[in-house]
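Please open the model in a viewer with the sequence panel visible. The stops below are best taken in order.

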Amino acid sequence: MLSWSAAPVPVLPGRGPELRLYDTSDRQVRPVAPGTKASMYVCGITPYDATHLGHAATYLTFDLIQRLWLDLGHDVHYVQNVTDVDDPLFERAQRDGIDWRDLADREVALFRADMAALRVLPPRDYVGATEAIAEVVELVEKLLASRAAYVVDDEYPDIYYRADATPQFGYESGYDRDTMLRLFEERGGDPHRPGKTDQLDALLWRAARDGEPSWPAPFGAGRPGWHIECAAIALSRIGTGLDIQGGGGDLIFPHHEFTAAHAECVRGERRFARHYVHAGMIGYDGHKMSKSLGNLVLVSTLRAEGVEPSAIRLGLLAGHYRADRFWSPQVLDEAVARLHRWRAAIALPAGPDAADVVARVRGYLADDLDTPKVIAALDGWVADALEYGGHNPEAPRLVATAVDALLGVEL
């Protein structure tokens, strides 16, 4: 699947500290310690609707990580999937009277345009679930052979993964069973499916039904379950030693828990990723942002209204990536005003020395992506530059380069 074009990333002089991130499974901030190559798998969209600010905030989080790794000199192998075969896609296509493949193509194209406009660096591998059927089939075969999976014996012989197939299951989320069952049902699971061994067992392969797409397999035609798709793509593109598995906080359970479990079971490993990183949710003006409430703020709508993507980035970066937070007209207005102030400061012929503020920006970002402190530090330099000027003709350009390279904001 085609990715999107990458904005150039300027090279910033010097080097910052190594990255530390909050790990969901360990419930603490700890060092991320990749080798020369740093690897990251981030769950992509199910392309049945346009990119909203919740999506944008998530992908900006991992864009910051990629930018910091590049600044540290790592070779970054970033993989992102597209769940281009799933029930929500079929339901929306049927509602709108469009072929599900055409709907997916349209929304993926819009997503790519939004990401390029936001200057989010693209993944090296951008893979649709429909492009990874062979890898999924291979994993399902291995799980069946090891008895970590079983076939439900009824009209539709769906294949399920045993939640107890690995002794460490549940370590990523840390949730108790009641919480797991509640979230499993809320987020696409089928705890009440007759014939399952355990309510938490997750679908690996959905046997072919009339009116649904399917692919041939030795165990019967069908299509992938949600979690096995990501396990197959991550293992086939990156393999072992994954540094970060990431996505929005709503993916912690069941999606990321089961993705990790599938991979660990097949590979016989204790831990799928060295770090599990999750971004907070974005609401709107004090309320949860959702399709049912009709208050989704779409990136494409803001762009069509003439909002500059750099302002959208600054508005989202004003809050900490792990915090659930709200978007509002005030957040956008403040971001637009900030963007104008920063541009006015870097347009000056000279400014205050910038080495210290660049070092602080690097340090704050390395400390669990603390963008509120980053913005406060840059606001301080800008305020001094606008009020007092300065004697360093290189300082404005150094600040602009740092903001571009590390925050992805073009000044």
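The tour begins at a strand and ends at a contact between two helices.

The model is predicted: local features need pLDDT of at least 70, side-chain atom pairs count only at pLDDT 80 or more, and totals for chains, interfaces and linings use all residues. Residues are numbered from 1 along each chain as its sequence is written, and side-chain values use heavy atoms, with hydrogens and water left out.

**Strand S10.** Select residues 242-248, which form strand S10 (strands, E, of at least two residues, and helices, H or I, of at least four, are DSSP runs numbered from the N terminus). Because 7 of its 7 residues are buried (under 20% relative accessible area, 1.4 Å probe, protein chains only), S10 is largely enclosed by the rest of the structure.

**Its partners.** Add strand S3, residues 37-42, which runs parallel to S10 and is joined to it by 3 bridges (pairing requires at least two DSSP bridges). Here Met40 has Ile244 of S10 as its bridge partner. Next add strand S11, residues 273-279, also parallel to S10 and joined to it by 6 bridges. Ile244 stands opposite His275 of S11.

**The crossover.** Follow the chain from S10 through helix H7, residues 252-267, to S11; this β-α-β crossover is right-handed (clockwise from first strand over helix to second, with the strands pointing away from the viewer).

**Helices H5 and H7.** Select helix H5, residues 177-186, which packs against H7 at an angle of about 100°, with the axes 8 Å apart (lines fitted to C-alpha atoms over the stretch in contact; angles run from 0 to 180 degrees between N-to-C directions). H5 is therefore roughly perpendicular to H7 (65 to 115 degrees). Show side chains: Met180, Leu183 and Phe184 in H5 meet Phe253, Pro254 and Phe258 in H7 (heavy atoms within 4.5 Å).

Notes. Buried means under 20% relative accessible area, exposed over 50%, partly exposed in between (1.4 Å probe, protein chains only). Angles under 35 degrees count as roughly parallel, over 145 as roughly antiparallel, 65 to 115 as roughly perpendicular and the rest as oblique.
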